[in-house]
Amino acid sequence: MKRKSFLKKVAIASAIAPIALTTSCRSEEAESGAPNIQTSKKYRWKMLTTWPPKFPVLGEGAELFSKLVSEMSAGRLEIKVFGGGELVPALEAFDAVSAGMAECSSSAAYYWAGKSPAFQFFATVPFGMNAQQVNAWLKGGGGQKLWDELYANYNLKPFAFGNSGVQAGGWYNREINSIADFKGLKMRIPGLGGKVLEKAGGTAVLSAGGEIYTNLERGVIDATEWIGPYHDYKMGFHKIAKYCYFPGWHEPGTVLELFINKKKLESLPTDLQRIVEGAAAIVHDWVLAEFDAQNGIYLQKMKEEGNMEFRQFPDEVLQQMRTFANEVVTEVADANPMSKKIFESYDKFRKQITPWSNMTEKAFYNQLQQ
Ligand code: CA
């Protein structure tokens with residue numbers, strides 16, 4: 001913006017601000033067409049989540065959002081958080097918010113892959129981008145615009161609401177020395193990772209969160225993935241599995257999301273809309289930091305208390321899994337034109353950023369950090 005034009009806008013803003021405040025009780029719209037600041041009107045929202053109530057990091061992130069919005073708006077917007085199943089079943093959150101039964105929800109986009117495979121690109125892609133890279137795509141590489149476009153079809157506006165970072169590769173009661181070791185392996189692994197496992201000859205098993213421990217202990221499944229040391233410790237997998245493999249090729253940086261009913265968001269005065277965006281950005285930052293901080297602590301605890309081994313997947317195993325993953329991602333991209341458009345943006349960005357990441361982040365981890 002040119003300096004002269006900027007100064008003119010500042011002058012106009014200063015001039016209308018007092019008027020907006022004094023007329024706020026009478027009119028929804030200022031003469032300029034912009035929504036007024038209505039200090040008296042209070043909004044009460046319901047926020048769904050796809051997590052159990054108070055779930056570490058993810059449920060806490062939703063509670064933090066509610067607290068921040070309440071404090072930043074001086075109580076003009078209050079958001080009551082519901083755990084998955086408290087108001088509607090967890091996996092009905094998307095439709096409920098789309099229909100306006102609740103105003104918003106926190107979640108992860110891969111839960112909605114049944115609507116269109118395109119949703120997967122806004123959660124995680126096996127062998128895809130990590131937290132830092134996918135963040136750069138969303139915020140600086142056109143990803144958010146595509147996300148907005150996809151969700152606008154459902155009357156929703158999405159926001160990045162944290163990231164898990166690279167997840168653990170999973171808990172195994174069988175050694176993985178070659179790709180043949182996946183043959184007949186029964187593993188609880190959802191989404192695209194499960195499809196990759198099946199290409200390698202394994203069976204992807206669905207288990208509800210509460211049943212995974214018993215299924216692994218009794219040999220109903222040979223392996224499971226979950227999240228990372230903090231959450232996996234609380235599940236107790238280190239007590240019953242022989243090996244924890246890493247890295248989590250299937251979830252290299254799962255984006256968490258906040259989606260808001262678009263009409264409800266747009267009906268808020270502008271300042272409350274900015275408060276919602278600002279609070280979401282704070283939570284986005286907090287969630288990844290909390291994952292990293294807690295995972296460091298709990299990895300140490302597992303090493304001290306667990307009777308199991310940490311193992312790295314052999315390079316040749318990962319190379320072959322990458323080939324299977326490329327086939328799976330190509331199938332997702334070919335599902336429909338929107339999926340193709342999002343994949344092309346995602347893949348182009350990944351190829352652009354990788355040489356830079358290799359020269360800096362990867363070199364730092366490999367050569368500088370001990
Ligand atoms: Ca996982």
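Which residues does Thr-224 touch, not counting residues up to four places away in sequence? I started the notebook with this one.

**Entry 1: ground rules**

The model is predicted, so I note that local features need pLDDT of at least 70 and side-chain atom pairs pLDDT 80 or more, while totals for chains, interfaces and linings use all residues. Residues are numbered from 1 along each chain as its sequence is written, and side-chain values use heavy atoms, with hydrogens and water left out.

**Entry 2: Thr-224**

I found that Thr-224 touches Gly-170, Trp-171, Met-187, Arg-188, Ile-212, Leu-216 and Phe-237. Contact here means heavy atoms within 4.5 Å. Thr-224 lies in strand 8. Helices (H or I, at least four residues) and strands (E, at least two) are DSSP runs, numbered from the N terminus. Thr-224 has 0% relative accessibility and counts as buried. The scale is buried under 20% relative accessible area, exposed over 50% and partly exposed in between, with a 1.4 Å probe and protein chains only.

One of the touched residues, Arg-188, stands opposite Thr-224 in strand 8. Strand 6 (residues 186-188) pairs with strand 8 in the parallel sense, over two bridges. Two strands pair if DSSP finds at least two bridges between them.

**Entry 3: the sheet**

I then looked up the sheet around these strands. It is an open sheet of six strands in the order 7-6-8-5-9-11, and its pairing is mixed. Strand 7 (203-205) and strand 11 are at the edges with a single partner strand each, so one side of each has no neighbour in the sheet.

**Entry 4: the calcium ion**

Which protein atoms are the donors of the calcium ion? I list Gln-167 (OE1), Glu-225 (OE) twice, Trp-226 (O) and Glu-251 (OE), lying 2.2 to 2.9 Å from the ion. Donors are N, O and S atoms within 2.8 Å of the metal, or 3.2 Å for Na, K and Ca; water is not among the atoms, so sites may look incomplete. Along the chain the donors follow the spacing Q-x57-E-W-x24-E. Glu-225 is in the loop between strand 8 (223-224) and helix 8 (229-235), and Glu-251 is in the loop between strand 9 (243-246) and strand 10 (255-261), so this pair ties together parts 26 residues apart in sequence. Glu-225 is buried at 2% relative accessibility, and Glu-251 is buried at 5%.

**Entry 5: aromatic pairs**

A search of the whole structure gave 28 aromatic pairs. Rings of Phe, Tyr and Trp (its six-membered ring) pair if their centres lie within 6.5 Å; planes under 30 degrees apart count as stacked, over 60 as edge-to-face and the rest as tilted. I followed two pairs that share Tyr-245.

Tyr-172 and Tyr-245 are edge-to-face, with 5.2 Å centre to centre and 75 degrees between the planes. Tyr-172 lies in strand 5 (residues 170-172) and Tyr-245 in strand 9, so the pair ties together parts 73 residues apart in sequence. Both Tyr-172 and Tyr-245 are buried.

Tyr-245 and Phe-313 have ring centres 5.0 Å apart and planes at 20 degrees, so I entered them as stacked. Phe-313 lies in the loop between strand 11 (309-312) and helix 12 (315-333), and Tyr-245 in strand 9, so this pair ties together parts 68 residues apart in sequence. Relative accessibility is 1% for Tyr-245 and 2% for Phe-313.

**Entry 6: backbone oddities**

Most residues other than glycine have a negative phi, and most peptide bonds are trans. Where is the cis peptide bond? I found that it joins Phe-246 and Pro-247, with omega about 0 degrees. Pro-247 is in the loop between strand 9 and strand 10.

Ala-74 is not a glycine, yet its phi is positive, about 55 degrees. Ala-74 is placed in the loop between helix 2 and strand 2 and counts as exposed at 69% relative accessibility. Phe-127 also has a positive phi, near 60 degrees. Phe-127 lies in the loop between strand 3 (104-107) and helix 4 (131-140) and counts as buried at 16% relative accessibility.

**Entry 7: whole chain**

I closed with totals. The chain has 13 helices and eleven strands. Of its 370 residues, 50% count as buried. Among contacts between residues at least 6 apart in sequence, 77% join residues at least 24 apart.
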